[in-house]
Amino acid sequence: MAGETPIKVLNIVPSLAMDAGVTSFVRNMFLFRDSSRVSYDYLHHDVVNGELRHPLNYDDEFKGRGAKVFTVTHAGTDLSAFIREVKGFFQDHGSEYDVVHCHMPNSAFWTLRYAAEAGVAHRVLHSHLNSSSDRFSHRVRNAPLIWFGRRWATDGVACSEDAGRYLFRGKDFLVMRNGIDIDRFAFNPEVRTACRVELGIGPEEPVVGCVGRISLQKNFSFAVRAFGEYVAAHGPARLVIIGESNSADERRELQELVDEMGLENSVMLLGLRSDAYRLYSLFDVFFMPSLYEGLPVSAVEAQAAGLPCVYSTGVPAETDIAGTGSFTALDAPLANWARALNVAIEGGRHLEAPNKLEAAGYSAEANAARLMEYYERLLSR
């Protein structure tokens, strides 16, 4: 379709926060787009009282690169305002878009519904997880929202087979890989040394790394307990957690657990970092004991850095793209987890892993092209 009017796509996302996996996906698709073929805009609900909830975000970057970024009130803060503002947005702007691509299944009942009412013919629902929430009460709440929301979608996309089966329940969907800029995350020994100096970590001290928002889903409290077991069995090490919480209580509770276990000199809660890509070179193992996932972008990034990875069985097996990971059940003894971490660390880095990611189609460039082709097929039907 080169030379024709680019396809106009509105992405509906929870936020453009730097630590969000969905943000990583849409940003990679945006950065590697062909602007003659597709034009991307964004609608998110990361606003409370007119202020963005996450100070480290890509809103200004996207605007500076030519995208429009629209915001509405956060649904969890004021649902009626969210619904009213979403409806008004589509009344005013819906006719401007060829495709609406919704990355928020529990909001699709409103977002895709109002897109349909505005005449948007192609409405894509995207599954990024294999569960709707880490809280039972929220899963109960979300179930009817997701069921009704699916009815307004014309097409389905998922980050993995597992995530697609969860959301679409036997209906057709396309797996769209969470492609990344593989070279950006490549292991760099000089960066490793620099990060260790910056953080006061010894050159040979084992470093276990976790990346993600501090939340029940990511299960970092379990990570701390498993790490404590590792230290007890194998000696001094560091656990470095990159990410922040939407709740000050969650972060405080995690720090209190660290202190109770006497690990305050071993566990580092670094918060949200704009240079998180550098810290994969710092780690010796990537640790993800999540309750559930879709196909996490951070795990792809870790494999691009050649890291051995230790996952829970709540993480889909297809996450282990490069064959550098192991999976352990969350109800297994902590000693099993300590053993898995030790085996991973002793095995060292897998410097061939980036090539395996490339061969498996996990580059951002390849997936951006595939996504544009997908939109072009939709419009040609």
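This report describes the overall build, the nonpolar cores, the salt bridges and a few individual residues of one protein chain.

**Overall build**

The structure is a predicted model, and the values below were computed from it. Its secondary structure comes to 14 helices and 14 strands. The radius of gyration is 21 Å, close to the 21 Å that the globule rule gives for 381 residues, so the chain is as compact as a globular protein of that length. Taken along the principal axes, the C-alpha atoms fill a box of roughly 60 × 40 × 40 Å. Buried residues account for 56% of the 381 residues in the chain. When contacts between residues at least 6 apart in sequence are considered, 74% of them join residues at least 24 apart.

**The nonpolar cores**

In soluble globular proteins, nonpolar side chains tend to be buried together. In this model the largest nonpolar core has 62 residues, and the members that touch the most other members are Phe-90, Tyr-280, Leu-282, Phe-283 and Phe-286. A second, separate core of 29 residues includes Leu-239, Leu-257, Val-285 and Trp-337.

Phe-90 may be looked at in more detail. If residues up to four places away in sequence are not counted, Phe-90 touches Leu-10, Ile-12, Leu-43, Val-100, Thr-111, Tyr-114, Ala-115 and Ala-118.

**A pair of strands**

Strand β2, which covers residues 38–48, pairs with β4 in the parallel sense over 4 bridges. Within this part of the structure, His-44 stands opposite Thr-71 in β4. Strand β4 itself, made of residues 69–73, is mostly covered, since 4 of its 5 residues are buried.

**Salt bridges**

The count of salt bridges in the model comes to 19, and the table gives three of them, each with the distance between N and O atoms.

| Salt bridge | N to O distance |
|---|---|
| Asp-284 and Arg-196 | 3.0 Å |
| Arg-252 and Asp-249 | 2.7 Å |
| Asp-275 and Arg-273 | 2.8 Å |

The salt bridge between Asp-284 and Arg-196 links distant parts of the chain, because Asp-284 lies in the loop between α10 (276–279) and β12 (285–288), while Arg-196 lies in helix α7 (residues 189–199), 88 residues apart. Asp-284 is buried, with a relative accessible area of 17%, and Arg-196 is also buried, with a relative accessible area of 4%.

The partners Arg-252 and Asp-249 both lie in helix α9 (residues 248–260), where they are 3 residues apart, about one turn of the helix. Arg-252 is partly exposed, at a relative accessible area of 42%, and Asp-249 likewise counts as partly exposed, at 41%.

In the pair of Asp-275 and Arg-273, the aspartate counts as buried at 16% relative accessibility, whereas Arg-273, with a relative accessible area of 22%, is partly exposed. Salt bridges that share partners join these two residues with Glu-198 and Arg-278 into one network.

**Residues in loops**

The loop between β9 (207–211) and α8 (220–234) holds Gln-217, and Asn-219 is found in this loop between β9 and α8 as well. Gln-217 counts as buried, because its relative accessibility is 12% and the limit for a buried residue is under 20%. The side chain of Gln-217 makes a polar contact with the side chain of Glu-293, at 3.4 Å. Asn-219 also counts as buried, at 12% relative accessibility, and its phi is near 65°, a positive value in a residue other than glycine.

Arg-169 likewise has a positive phi, of about 50°, although it is not a glycine. Arg-169 has its place in the loop between α6 (161–168) and β8 (174–175), and it is exposed, because its relative accessible area of 56% is over 50%.

Ser-247 lies in the loop between β10 (238–242) and α9, and it is partly exposed, with a relative accessible area of 25%. Measuring from C-alpha to C-alpha is the basis of the next comparison: Ser-247 and Ile-214 are 33 residues apart in sequence and 8.6 Å apart in space.

Methods:
Residues numbered from 1 in each chain as written. Predicted model: local features only at pLDDT ≥ 70, side-chain atom pairs only at ≥ 80, totals over all residues. Heavy atoms only, no water. Core = buried A, V, L, I, M, F, W, Y, C linked by side-chain atoms within 4.5 Å. Buried < 20%, exposed > 50% of the residue type's maximum accessible area, 1.4 Å probe, protein only. Contact = heavy atoms within 4.5 Å. Helix = DSSP H or I, 4+ residues; strand = E, 2+ residues; numbered from the N terminus. Polar contact = N/O pair within 3.5 Å; in protein donor to acceptor, adjacent residues only side chain to side chain. Salt bridge = Lys/Arg side-chain N within 4 Å of Asp/Glu carboxyl O. Pairing = 2+ DSSP bridges. Rg over C-alpha atoms; globule rule 2.2 N^0.38 Å.
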